[in-house]
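Work through the exercises below with the model open. Each task is followed by a solution in steps.

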Amino acid sequence: MNEKPKLEATTLWDYPTQSYGETPKGDNKYPGVTPAFIIYNLLQRYTKPGDLVVDPMCGSGTTIDVCKEEKRRVIGYDIAPVRTDIIQNDSRNIPLDDNSVDMIFIDSPYSDNIHYNEHPDCIGKISCEEEKFYDELEKVIKECLRILKPGKVLGWLIGDQWVKKRFTPVGFKIYQRLCKYFDTVDIVCVVRRGQTSNTALWYHRALKFNFFLRGFKYLFIMRKPDDKESKEENRKIEWTRYERK
Ligand SMILES: C[S@@+](CC[C@H](N)C(=O)[O-])C[C@H]1O[C@@H](n2cnc3c(N)ncnc32)[C@H](O)[C@@H]1O
């Protein structure tokens, strides 16, 4: 059976399994692996065959596998590659030309909750309770802006954190940083399934201690502005004009 995922028409995306079709997409044992149907849906909407797609933090390579099957060209980087077709690179400095990429997908760490690897530059070693976490991811956002062609799309998947009785709205905080540089196409809510807390024990804990388990992630669909100047520069110009009045 080589069924493709359905194309989503609403902003609530839900898929029961990590992968689809006959061949695996990424490795469903990899910590924090991305559900492949998300990448499939983004490719169908925002790219065409032959376009170049980049994943700067590609983990077990889900983006690479989906792109290859859909006949898109693809480059996948990671700080600690687990496959030979993934290039070792820190996403804060991407070795690609300005305005050269047709779509970017990133499923970034969203705190220090998952142990990905031993690499000291892994952003997943920084807690989302520290401002540094957002500052480092903003460097990745700026690189995405630089390499994307104007008018093209970045998809960024991220979830919030609730640990030790403390909630951190990681999604909103990353969205604020994204909005400094990109225009918003839309925000999608992706249902979280198959996570470790999806058990009877966690269900009872959540009720007993009165907290909520994470049920969704945000998918921010952002577009690089088409204008010659960046959004940030435009803002500065607008502000200078306003001050002169
Ligand atoms: C949520 S995982 C990505 C999962 C991937 N999409 C998949 O389906 O397997 C986040 C990834 O970010 C990588 N990472 C963390 N810091 C990085 C950095 N500075 N540069 C590049 N990759 C980084 C981690 O190694 C990890 O593989």
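Two strands count as paired if DSSP finds at least two bridges between them. The model is predicted.

**Exercise 1. The sheet**

Task: Find which strand order the open sheet has, and which strands are its edges.

Solution.
- Step 1. The open sheet has eight strands, in the order 1-9-10-6-5-2-3-4. Its pairing is mixed.
- Step 2. Strand 1 (12-13) and strand 4 (87-88) are the edge strands, as each pairs on one side only.
- Step 3. Take the pair of strand 5 (residues 101-107) and strand 6. These strands run parallel and are joined by six bridges. Phe105 has Gly155 of strand 6 as its bridge partner.
- Step 4. Go to the pair of strand 6 and strand 10 (residues 216-223). Here the sense is antiparallel, again with six bridges. Leu154 has Met222 of strand 10 as its bridge partner.
- Step 5. Strand 2 and strand 5 run parallel and are joined by two bridges. Val53 finds its bridge partner in strand 5, at Met103.

**Exercise 2. Strand 6 and its crossover**

Task: Decide whether strand 6 is largely enclosed or open, and find the handedness of the β-α-β unit that contains this strand.

Solution.
- Step 1. Apply the cut-off: a residue is buried under 20% relative accessible area.
- Step 2. Strand 6 spans residues 148-158, and eight of its 11 residues are buried. Strand 6 is therefore largely enclosed by the rest of the structure.
- Step 3. Trace the chain from strand 5 through helix 3 (residues 131-147) to strand 6. These three elements form a β-α-β unit, and the unit is right-handed.

**Exercise 3. Helix 1 against helix 2**

Task: How do the axes of helix 1 and helix 2 cross, and which residues make the contact?

Solution.
- Step 1. Helix 1 covers residues 36-46 and helix 2 covers residues 62-69. Their axes come within 9 Å and cross at roughly 45 degrees.
- Step 2. Angles under 35 degrees count as roughly parallel, and those from 65 to 115 as roughly perpendicular. Helix 1 and helix 2 are therefore oblique to each other.
- Step 3. The crossing of helix 1 past helix 2 is right-handed.
- Step 4. Helix 1 supplies Ala36, Ile39, Tyr40 and Leu43 to the contact. Helix 2 supplies Thr62, Thr63, Val66 and Cys67.

**Exercise 4. The surroundings of helix 2**

Task: Work out which residues of helix 2 are buried and what these residues pack against.

Solution.
- Step 1. The buried residues of helix 2 are Thr62, Thr63, Ile64, Asp65, Val66 and Cys67.
- Step 2. That makes six of the eight residues, so helix 2 is largely enclosed by the rest of the structure.
- Step 3. The buried residues pack against helix 1, strand 2 (52-55), strand 3 (73-78) and strand 5.
- Step 4. Look just past the helix. Lys71 follows helix 2 and has a positive phi, near 65 degrees.

**Exercise 5. Helix 3 against helix 4**

Task: Classify the packing of helix 3 and helix 4, and name the residues that meet.

Solution.
- Step 1. The axes of helix 3 and helix 4 are 10 Å apart, at an angle of about 45 degrees.
- Step 2. Helix 3 and helix 4 are therefore oblique to each other. Their crossing is right-handed.
- Step 3. From helix 3 come Glu131, Phe133, Tyr134, Asp135, Leu137, Glu138 and Ile141. They meet Val170, Lys173, Ile174, Arg177 and Leu178 of helix 4.

**Exercise 6. Three loop residues**

Task: Place Tyr181, Lys164 and Asn210 in their loops. Then sort each as buried or exposed.

Solution.
- Step 1. Tyr181 sits in the loop between helix 4 (170-179) and strand 9 (183-191). Its relative accessibility is 8%, so Tyr181 counts as buried.
- Step 2. Lys164 sits in the loop between strand 7 (161-163) and strand 8 (166-168). Lys164 is exposed, at a relative accessible area of 80%.
- Step 3. Asn210 belongs to the loop between helix 5 (200-208) and strand 10. Its relative accessibility is 69%, so Asn210 counts as exposed.
- Step 4. Now check the backbone. Most residues other than glycine have a negative phi. Lys164 has a positive phi, near 45 degrees. Asn210 also has a positive phi, of about 55 degrees.

Notes. Residues numbered from 1 in each chain as written. Predicted model: local features only at pLDDT ≥ 70, side-chain atom pairs only at ≥ 80, totals over all residues. Heavy atoms only, no water. Buried < 20%, exposed > 50% of the residue type's maximum accessible area, 1.4 Å probe, protein only. Helix = DSSP H or I, 4+ residues; strand = E, 2+ residues; numbered from the N terminus. Right-handed = clockwise from strand over helix to strand, strands pointing away. Axes fitted to C-alpha atoms, helices over the stretch in contact; angles between N-to-C directions. Parallel < 35°, antiparallel > 145°, perpendicular 65-115°, else oblique. Left-handed = near helix turned anticlockwise from the far one by under 90°. Contact = heavy atoms within 4.5 Å.
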